[in-house]
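Colleague: I should like to learn how to read the features of a structure that is new to me. May we begin with the aromatic rings and then proceed to the other features?

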Amino acid sequence: MQLDLGKRIRELRKRDGRTQESLAEALGVTSQAISRWEANGGYPDMEMIPAIANYFHISIDELFGYCLDREEKIK
């Protein structure tokens with residue numbers, strides 16, 4: 001399984017109609033950091049992962065795509 005965290009963050013942000021700026025403000029980082037994550041130019045610190053999942057009201061597993069991966073394997 002390939003880690004595509006930036007793509008997932010972008011999908012969730014767009015799903016909720018949020019801007020990079022609003023996500024950055026909620027997480028206490030810069031909008032440039034969000035942009036970098038979404039462009040796969042880096043990853044958020046591990047300490048940020050629970051806050052990101054909470055922001056989108058999903059589990060950490062869902063944030064990393066494990067639930068989707070498991071469902072596809074079951075099929």
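Modeller: Certainly. The model is a predicted one, and two aromatic pairs are counted in it.

Colleague: How is a pair of aromatic rings described?

Modeller: The description rests on the distance of the ring centres and the angle of the planes. Tyr 55 and Phe 56 form an edge-to-face pair, with 5.0 Å from centre to centre and 85° between the planes. Tyr 55 counts as buried, at 16% relative accessibility, and Phe 56 is buried at 1%. The pair of Phe 64 and Tyr 66 is stacked, its centres being 6.2 Å apart and its planes 25° apart.

Colleague: Are Phe 64 and Tyr 66 buried or partly exposed?

Modeller: Phe 64 is buried, because its relative accessibility of 17% falls under the 20% limit. Tyr 66 has a relative accessible area of 42% and is therefore partly exposed.

Colleague: Thank you. Which elements make up the protein as a whole?

Modeller: The protein has six helices and zero strands. Read from the N terminus, the order is α-α-α-α-α-α. Of its 75 residues, 33% count as buried. Among the contacts with a separation of 6 or more, 56% are made by residues 24 or more positions apart. The exposed area is about 5100 Å², and carbon and sulfur atoms supply 47% of that area.

Colleague: Let us take one buried residue as an example. Where is Leu 23 placed, and what is in contact with Leu 23?

Modeller: Leu 23 belongs to helix H2, which spans residues 20-27. Its relative accessible area is 0%, so Leu 23 is buried. Apart from neighbours within four places in sequence, the residues in contact with Leu 23 are Ile 9, Arg 13, Ile 34, Tyr 55 and Phe 56. Two of these contacts, Tyr 55 and Phe 56, form the edge-to-face pair described above. As for Ile 9, this residue is 14 residues from Leu 23 along the chain, and the two C-alpha atoms are separated by 9.8 Å.

Colleague: How should I read the buried side of a helix? Which residues of H3 are buried?

Modeller: One asks which residues are buried and how they are arranged around the axis. In helix H3, residues 31-38, the buried residues are Ala 33, Ile 34, Trp 37 and Glu 38. They lie on the same side of H3, because the arc that they cover around the axis is only 130°. Their cover includes helix H1 (5-15), H2 and helix H4 (49-55).

Colleague: Glu 38 is among those buried residues. What is the general idea behind a pairing of charged side chains?

Modeller: Side chains of opposite charge can pair when their charged atoms come close. The structure holds three salt bridges. In one of them, Glu 38 pairs with Arg 13, and the closest N and O atoms are 2.6 Å apart. Since Glu 38 lies in helix H3 and Arg 13 in helix H1, this pair ties together parts that are 25 residues apart in sequence. Glu 38 and Arg 13 are both buried.

Colleague: Which other residues form salt bridges?

Modeller: Arg 8 forms one with Glu 11, where the closest N and O atoms are 3.9 Å apart. Both residues lie in helix H1, three residues apart, which is about one turn of the helix. Glu 11 is partly exposed, at 40% relative accessibility. Arg 15 forms another with Asp 16, the closest N and O atoms being 2.7 Å apart. Arg 15 counts as partly exposed at 48% relative accessibility, and Asp 16 is partly exposed at 31%.

Colleague: Finally, how should I read the backbone angle phi? Which sign does phi have in most residues other than glycine?

Modeller: In most residues other than glycine, phi is negative. Asn 40, although not a glycine, has a positive phi of about 60°. This residue comes just after H3, in the loop between H3 and H4. At 44% relative accessibility, Asn 40 counts as partly exposed. His 57 likewise is not a glycine and has a positive phi, near 60°.

Colleague: Where is His 57 found, and is His 57 buried or exposed?

Modeller: His 57 is found in the loop between H4 and helix H5 (60-64). With a relative accessible area of 73%, His 57 is exposed.

Key: Residues numbered from 1 in each chain as written. Predicted model: local features only at pLDDT ≥ 70, side-chain atom pairs only at ≥ 80, totals over all residues. Heavy atoms only, no water. Helix = DSSP H or I, 4+ residues; strand = E, 2+ residues; numbered from the N terminus. Buried < 20%, exposed > 50% of the residue type's maximum accessible area, 1.4 Å probe, protein only. Contact = heavy atoms within 4.5 Å. Arc of directions from axis to C-beta. Salt bridge = Lys/Arg side-chain N within 4 Å of Asp/Glu carboxyl O. Areas by Shrake-Rupley, 256 points an atom, 1.4 Å probe, with all protein chains shown as cover. Phe/Tyr/Trp six-rings, centres within 6.5 Å; stacked < 30°, edge-to-face > 60°.
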